[in-house]
Amino acid sequence: MTDLVLTPNIESADDFYAELLAAHEGLSKDESDAFNARLVLVLANHVGDRDVLSDALKAASGKG
């Protein structure tokens, strides 16, 4: 496994969470799901490292 950071690491995490919730306001379930998918792809592109991304998928699924 790569050095995937799984401990809290977001500056002003509560502010980010509020911003994330606000981004979903007024969206239907389908729109919210599509937004989340786009956000995942944007962040995955930013990370760029396939090993890290694979480890993140495993960690998120509970299989990592």
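## The largest pocket

In this predicted model, helix α2 gives the largest share of the lining of the largest pocket, contributing six residues. The elements that supply two or more residues to the lining of this pocket are α1, α2 and α3, the last of which covers residues 50–61. The volume of the largest pocket is about 510 Å³, and 15 residues line it, with Leu39, Val40, Leu43, Ala44 and Ala56 lying nearest its centre.

When the residues of this lining are divided by class, 15 are nonpolar, while no polar and no charged residues are found there.

## How α1 meets α2

Helix α1 is formed by residues 13–24 and helix α2 by residues 29–47; their axes come within 10 Å and cross at roughly 130 degrees. At this crossing angle α1 is oblique to α2, because an angle that is neither under 35 degrees, nor over 145, nor from 65 to 115 counts as oblique.

On the α1 side, the residues that take part in the contact are Leu20, Ala23 and His24, and they meet Ser32, Phe35, Asn36 and Leu39 on the α2 side. By class, this contact between α1 and α2 has four nonpolar residues and three polar ones, with no charged residues. Leu39 of α2, which takes part in the contact with α1, is also one of the residues that lie nearest the centre of the largest pocket.

## His24 and Leu27

Is His24, a residue of helix α1, buried or exposed? With a relative accessibility of 17%, His24 counts as buried, because the limit for a buried residue is under 20%. If its neighbours within four places in sequence are left aside, His24 is in contact with Ser32, Phe35 and Asn36, and these three residues are among those of α2 that meet α1.

Leu27 is found in the loop between α1 and α2, and with a relative accessible area of 33% this residue is partly exposed. Not counting residues up to four places away in sequence, Leu27 touches Ser32 and Phe35. Ser32 and Phe35 are thus contacts of the loop residue Leu27, and they also appear among the contacts of His24.

## The second largest pocket

About 150 Å³ of space lies in the second largest pocket. Which residues line the second largest pocket? Its lining is made up of Val5, Leu6, Thr7, Pro8, Asn9, Ile10 and Ala13, and by class these comprise five nonpolar and two polar residues, with no charged residues.

## Ser12 and Ala13

Ser12 is found in the segment before α1, and although this residue is not a glycine, it has a positive phi of about 50 degrees. The relative accessible area of Ser12 is 42%, so that this residue is partly exposed.

Ala13 lies in helix α1, and this residue, too, is partly exposed, with a relative accessible area of 38%. Ala13 is also one of the residues that line the second largest pocket. Between the C-alpha atoms of Ala13 and Phe35 there is a separation of 20 Å, the two residues being 22 residues apart along the chain. Phe35, for its part, is one of the α2 residues that meet α1.

Methods. Residues numbered from 1 in each chain as written. Predicted model: local features only at pLDDT ≥ 70, side-chain atom pairs only at ≥ 80, totals over all residues. Heavy atoms only, no water. Axes fitted to C-alpha atoms, helices over the stretch in contact; angles between N-to-C directions. Helix = DSSP H or I, 4+ residues; strand = E, 2+ residues; numbered from the N terminus. Contact = heavy atoms within 4.5 Å. Nonpolar A, V, L, I, M, F, W, Y, C, P; charged D, E, K, R; others polar. Buried < 20%, exposed > 50% of the residue type's maximum accessible area, 1.4 Å probe, protein only. 1 Å grid on protein atoms, 1.4 Å probe; cavity = no way out; pocket = protein on both sides within 12 Å on 5 of 7 lines; lining within 4 Å. Points joined across faces, edges and corners; volume = space filled by probe spheres on them.
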